[in-house]
Amino acid sequence: MEIEKQKMGLIPQQQRNWQNRPEWFFNRDHTDTYELWYEGRYKRAEVWQKKVMEQLVTKDKRVKTLLEFGCGTTRFTRWWKEIGIESTGGDISPLMLSQAIHLFDGDLVMADSHHMPFKDNTFDSLAFITTFEYYKDPVKVIREAARVGKYGIAMGMMNKNSPKVLRRRVQQVFGKNPFYVTATFYTPKHLIRIIEEALEGRDYTISWSCTGLPKWFPVQQWNMPYGDFFGLYVQFNDVE
């Protein structure tokens with residue numbers, strides 16, 4: 001009997017969907033160059049994003065361990081250790097994780113953030129860095145994060161209050177930018193409303209800061225809701 005051999009990739013060409021829609025992080029044409037993007041024109045932005053996230057998260061001295069969901073190639077997941085936080089990475093994309101295992105010496109899990117495969121209070125905190133924008137049910141994801149992360153939730157977001165959002169949407173019309181087609185951009189105010197719905201009954205405080213401002217601007221970080229990126233931290237006050 002002759003057996004027909006089939007050439008199978010990590011993800012078949014016809015299976016590039018998540019949440020019933022095509023996503024760039026299931027497309028190897030885009031994921032294979034993800035790290036290079038950070039090392040190029042995005043390098044300056046990354047530096048300021050990390051400054052913002054460090055300021056927000058390290059204020060909560062209880063945070064020693066952290067789970068970053070949507071970790072991708074672990075660009076930020078690797079960095080948490082530099083500021084004294086032991087990190088674990090989680091992502092839904094096997095293409096991203098296939099790179100992450102060669103770049104990150106910690107634990108990784110492939111899972112959906114809507115259904116985190118961890119017990120309650122497994123980590124001190126949860127983090128989402130430029131990934132929360134892709135979730136269809138943000139309330140459910142926040143509730144999962146609050147279940148698994150004991151002391152808080154850190155979020156790094158692409159800000160809707162930025163001229164770059166309009167530029168990205170125009171690029172998409174001409175098929176030039178596939179990375180944000182399914183993304184939902186938030187402002188700090190909008191995200192806080194979602195957090196309030198998800199965490200009704202909890203005692204917490206929220207702090208946030210924006211960056212991603214033009215090079216010529218006199219400041220590069222401020223507490224105004226404008227800029228390409230904002231960091232936000234939810235600190236739970238109802239746990240010891």
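Buried means under 20% relative accessible area, exposed means over 50%, and partly exposed lies in between (1.4 Å probe, protein chains only). The model is predicted: local features need pLDDT of at least 70, side-chain atom pairs count only at pLDDT 80 or more, and totals for chains, interfaces and linings use all residues. Residues are numbered from 1 along each chain as its sequence is written, and side-chain values use heavy atoms, with hydrogens and water left out.

**Exercise 1. Overall make-up**

Task: State what share of the 240 residues is buried, and how many helices and strands there are.

Solution.
- Step 1. Buried residues make up 51% of the 240 residues.
- Step 2. Elements are DSSP runs, numbered from the N terminus: helices are H or I with at least four residues, strands are E with at least two. The protein has 8 helices and 9 strands.
- Step 3. Take the contacts (heavy atoms within 4.5 Å). Of those with a separation of 6 or more, 67% join residues 24 or more positions apart.
- Step 4. Accessible areas come from the Shrake-Rupley method with a 1.4 Å probe; for residues, only the protein chains shown count as cover. The accessible surface is about 12,800 Å², and carbon and sulfur atoms hold 53% of that surface.

**Exercise 2. The largest nonpolar core**

Task: Find which residues of the largest nonpolar core touch the most other members, and which element gives the largest share.

Solution.
- Step 1. A nonpolar core is a set of buried Ala, Val, Leu, Ile, Met, Phe, Trp, Tyr and Cys residues joined through side-chain atoms within 4.5 Å.
- Step 2. The largest core has 33 residues, and F128 and F132 touch the most other members.
- Step 3. Two or more residues each come from strand 3 (65-69), strand 6, helix 6, strand 7 (149-158), helix 8 (188-198), strand 8 (204-211) and strand 9 (229-236). Helix 6 gives the largest share, 6 residues.
- Step 4. Another core, of 21 residues, lies apart from this one; Y42, V63, L66 and Y233 are among its members.
- Step 5. Now inspect F128. Not counting residues up to four places away in sequence, its contacts include F69, M116, Y135, V141 and I153.

**Exercise 3. Helix 6 and its cover**

Task: Decide whether helix 6 is largely enclosed or open, and describe how helix 6 packs on helix 8.

Solution.
- Step 1. Helix 6 is largely enclosed by the rest of the structure, because 8 of its 11 residues are buried.
- Step 2. The buried residues are P138, V139, V141, I142, E144, A145, A146 and V148.
- Step 3. Their cover includes strand 3, strand 6, strand 7, helix 8 and strand 9.
- Step 4. Axes are lines fitted to C-alpha atoms, for helices over the stretch in contact, and angles run from 0 to 180 degrees between N-to-C directions. Helix 6 and helix 8 pack at about 60°, their axes 9 Å apart.
- Step 5. At this contact, P138, V139, I142 and R143 of helix 6 meet I194, I195, E197 and A198 of helix 8.

**Exercise 4. Salt bridges**

Task: Count the salt bridges, then place R147 and K50 among them.

Solution.
- Step 1. A salt bridge is a side-chain nitrogen of Lys or Arg within 4 Å of a carboxyl oxygen of Asp or Glu. The count is 6.
- Step 2. R147 pairs with D120 at 3.0 Å, N to O. This pair links distant parts of the chain: D120 is in the loop between strand 5 (108-110) and strand 6 (123-129), R147 is in helix 6 (residues 138-148), and 27 residues separate them.
- Step 3. R147 also bridges to E144 at 2.9 Å. Both lie in helix 6, 3 residues apart, about one turn of the helix.
- Step 4. Compare burial. R147 is partly exposed at 24%, while E144 is buried at 13%.
- Step 5. K50 bridges to E46, with the closest N and O atoms 3.0 Å apart. The two are about one helical turn apart, because 4 residues separate them in helix 3 (residues 43-58). K50 is buried at 16%, and E46 is buried at 2%.

**Exercise 5. Positive phi**

Task: For T74 and N121, state where each lies and whether each is buried or partly exposed.

Solution.
- Step 1. T74 has phi near 75°, positive in a residue other than glycine. T74 sits in the loop between strand 3 and helix 4 (77-80).
- Step 2. T74 is buried, at 0% relative accessible area.
- Step 3. N121, also not glycine, has a positive phi near 60°. N121 is in the loop between strand 5 and strand 6.
- Step 4. N121 is partly exposed, at 42%.
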